[in-house]
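Q: Could you walk me through this model? I'd like to start with how far to trust it, then get into the packing.

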Amino acid sequence: MDLIIAIDYIGTLVFAISGVLAGVERKFDLFGVFILGFVTAVGGGTLRDVLIGSTPVGWMGNEVYIIIIALAVPLCYLAKNLVVKMKKGLFLFDTIGIGLFTILGLEKTLSLGLSPIIAVMMGVVSATFGGVIRDVLSGRVPLIFRKEIYAFACLAGAVVYLLSNIFLKEEIAMLISIAVVIIIRIFAIRKQWSLPFNP
Amino acid sequence: MDLIIAIDYIGTLVFAISGVLAGVERKFDLFGVFILGFVTAVGGGTLRDVLIGSTPVGWMGNEVYIIIIALAVPLCYLAKNLVVKMKKGLFLFDTIGIGLFTILGLEKTLSLGLSPIIAVMMGVVSATFGGVIRDVLSGRVPLIFRKEIYAFACLAGAVVYLLSNIFLKEEIAMLISIAVVIIIRIFAIRKQWSLPFNP
Amino acid sequence: MDLIIAIDYIGTLVFAISGVLAGVERKFDLFGVFILGFVTAVGGGTLRDVLIGSTPVGWMGNEVYIIIIALAVPLCYLAKNLVVKMKKGLFLFDTIGIGLFTILGLEKTLSLGLSPIIAVMMGVVSATFGGVIRDVLSGRVPLIFRKEIYAFACLAGAVVYLLSNIFLKEEIAMLISIAVVIIIRIFAIRKQWSLPFNP
């Protein structure tokens, strides 16, 4: 579907921008900034593909991803102020993006004949581990391990998709589950939800 | 053999507990704590499978591993004091676990037709790299690179297994080599052995 | 060609020495020092092989690599002063090595039917990500993301190889592109070139 492709590409761009900005903040050079944008955008899906054995990894089959990520670098250079101003808009696309990446990762895993539990896990990995690799490469403890209910939103979306897919058409199930991701994430940030764990 | 399966599962639980406790110490949230338990328990075998090309990686074919690791989280929550008190017992199971993981990793590598040297290396990787990934994800320099004779014990166990397997039955070779791992590790800690390297 | 094999082996040794010295500096023990030498020497090619799906990864098929890397440890121990004195010579071999690793990584990727853009990227990954993994494992932000025009030299060499290979014999194209890598890197260090990126 054209809408899915559009969201996929926009989500990739927004993820890449987040990586590029993290690299700029850490005073990386051009190579470092590009690599950080790259791993943030496709790192989660790459890890999923390596683990489930779907190689060459996904982005190697479609150069549009590389072009989009390469565009994020001059975009952050030329329009840094605009990018910073658009933070709210970016946040929305980021959230739609993680919803979609979760479902696409889940579907790809199921299509290889792996079990629903593994598919849910790989959906969450697809959406979240780009940021984990970004943080490890920039010498930080992964943000997602500490705060944000980001991963839980993906998990909820994945489970809702699996269940609603039994009764509803795939497109409807996808819309519902992406909505679940968006709603949980927005509520979480509004209410400063978190999942502390201190026995 | 049922005994091997039992040791494998107990070893997985003990590894997962060590990861969960490391996550708690770093004040990770529920997601971070689970991920840290997960990579500690299956990270070494996952890296081995990816390197030798045995994908989907091992734990994707048996959901018992995921259930065991998921159990480690509430276990550490509900019974933290008990877990800490049982440290000595956990240490023993941990050591039996690394012995078994070394041999199983070695066997899996040989079964793919790779050479004995590669098999020994992959045995050691299976037993030790879960902890390396745990440390990298929690922003620490891997403990195993600095202290503990842990990796050397695995290496010795792997070589003893390869050699004794020529003359003895597989079960006997396995018992002997796990005993070697246990003895070296206990001695090493008693005598504070280490392998310094300062040219 | 024998010359290529010789450069490959010498490059591997020089990369391994750089990893071993980094481990010594960080006060790692024997195991840590060996692992750091190992990942520095073969980490880039290993990551490439995993991403393009060429597993078991390359070094598992030829034990000469393991022997060379294992030799780097006593070499740094017995002849540390010599190694430090030979720094300039090592730098030259290191630079020839990254040039060759770039071209070999590019060729391997093309041979699997992947596109020239992916092949160029995998060439650069082959030559540079050993150092990235070394830095991550020793708790440092990857040097290559901050300074040095190292990665750009590999990129230029890879593109020159792809283009010159259309018109010239493979051996000539290889020589020219390795020369490009060497020249850019030496100039870069002389002139303190860098690729800053601060929008």
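The chat below goes through confidence, helix packing, a few single residues and some backbone details.

Q: So, what are we looking at, and what confidence does chain A get?

A: This is a predicted model, and chain A has a mean pLDDT of 87, with 94% of its residues at 70 or more.

Q: And what ipTM and pTM does the complex get?

A: The predictor assigns the complex an ipTM of 0.89, together with a pTM of 0.92.

Q: Any general caution before we go into detail?

A: Where pLDDT is low, the predicted coordinates should not be read in detail.

Q: Fine. Which residues touch the most other members of the largest nonpolar core?

A: That core has 199 residues, and those touching the most other members are A:Val20, A:Cys154, B:Val20, B:Cys154, C:Ile17, C:Val20 and C:Cys154.

Q: Take A:Cys154, then: what is it in contact with, beyond its sequence neighbours?

A: Once the residues within four places in sequence are set aside, A:Cys154 is in contact with A:Ile98, A:Thr102, A:Gly123, A:Val124, A:Ala127, A:Thr128 and A:Val181.

Q: On to helices. At what angle do helix 1 and helix 3 of chain A pack?

A: Helix 1 of chain A, residues 2-25, packs against helix 3 of chain A, residues 64-78, at an angle of about 45°, and their axes are 8 Å apart. The two are therefore oblique to each other, and their crossing is right-handed. Helix 1 of chain A makes this contact through residues including A:Leu13, A:Ala16, A:Ile17 and A:Val20, while helix 3 of chain A contributes, among others, A:Ile68, A:Ile69 and A:Ala72.

Q: Let's stay with A:Leu13 for a second. Buried or exposed?

A: A:Leu13, which sits in helix 1 of chain A, counts as buried because it has 21 C-beta neighbours inside 10 Å, where the cut-off for buried is 20 or more. Not counting residues up to four places away in sequence, A:Leu13 touches A:Ile68 and A:Ala72. The C-alpha atoms of A:Leu13 and A:Arg140, by contrast, are separated by 22 Å, with these positions 127 residues apart along the chain.

Q: And A:Ala16, which residues does that one touch?

A: A:Ala16 is also placed in helix 1 of chain A, and, leaving out residues up to four places away in sequence, it touches A:Gly37, A:Thr40, A:Ala41, A:Ile68, A:Ile69 and A:Ala72. With 28 C-beta neighbours inside 10 Å, A:Ala16 counts as buried. Its C-alpha lies 9.7 Å from that of A:Gly130, although the two residues are 114 apart in sequence.

Q: What about A:Phe187, buried or exposed?

A: A:Phe187, found in helix 8 of chain A, residues 170-190, counts as exposed, since it has 12 C-beta neighbours inside 10 Å.

Q: Switching chains: how do helix 6 and helix 7 of chain C pack?

A: Helix 6 of chain C, residues 116-137, and helix 7 of chain C, residues 150-167, pack at an angle of about 140°, with 9 Å between their axes. That angle makes helix 6 of chain C oblique to helix 7 of chain C, and the crossing is right-handed. Among the residues that meet there are C:Gly123, C:Val124 and C:Ala127 from helix 6 of chain C, and C:Cys154, C:Leu155 and C:Ala158 from helix 7 of chain C.

Q: How many residues go into the contact between chains C and B?

A: The contact takes 23 residues from chain C and 23 residues from chain B. On the side of chain C that touches chain B, helix 2 (30-52), helix 3 (64-78) and helix 6 of chain C each supply at least two residues, and the largest share, 6 residues, comes from helix 2 of chain C.

Q: Backbone oddities next. Where are the cis peptide bonds?

A: One cis peptide bond joins A:Thr55 and A:Pro56, with omega at about -5°, and A:Pro56 lies in the loop between helix 2 and helix 3 of chain A. Another joins C:Thr55 and C:Pro56, where omega is also about -5°, and C:Pro56 is placed in the loop between helix 2 and helix 3 of chain C.

Q: Last one: which residue has a positive phi without being a glycine?

A: A:Lys27 has a positive phi of about 60° although it is not a glycine, and it lies in the loop between helix 1 and helix 2 of chain A. With 14 C-beta neighbours inside 10 Å, A:Lys27 counts as partly exposed.

Technical notes. Residues are numbered from 1 along each chain as its sequence is written. Chains are lettered from A and ligands numbered from 1 in the order in which they are written. This is a predicted model: local features need pLDDT of at least 70, side-chain atom pairs count only at pLDDT 80 or more; totals for chains, interfaces and linings use all residues. pLDDT is the predictor's confidence in each residue, from 0 to 100. A nonpolar core is a set of buried Ala, Val, Leu, Ile, Met, Phe, Trp, Tyr and Cys residues joined through C-beta atoms within 7 Å. Two residues are in contact if their C-beta atoms, placed from the backbone, lie within 7 Å. Axes are lines fitted to C-alpha atoms, for helices over the stretch in contact, and angles run from 0 to 180 degrees between N-to-C directions. Helices (H or I, at least four residues) and strands (E, at least two) are DSSP runs, numbered from the N terminus. Angles under 35 degrees count as roughly parallel, over 145 as roughly antiparallel, 65 to 115 as roughly perpendicular and the rest as oblique. A crossing is left-handed if the near helix is turned anticlockwise from the far one by less than a right angle, and right-handed if clockwise.
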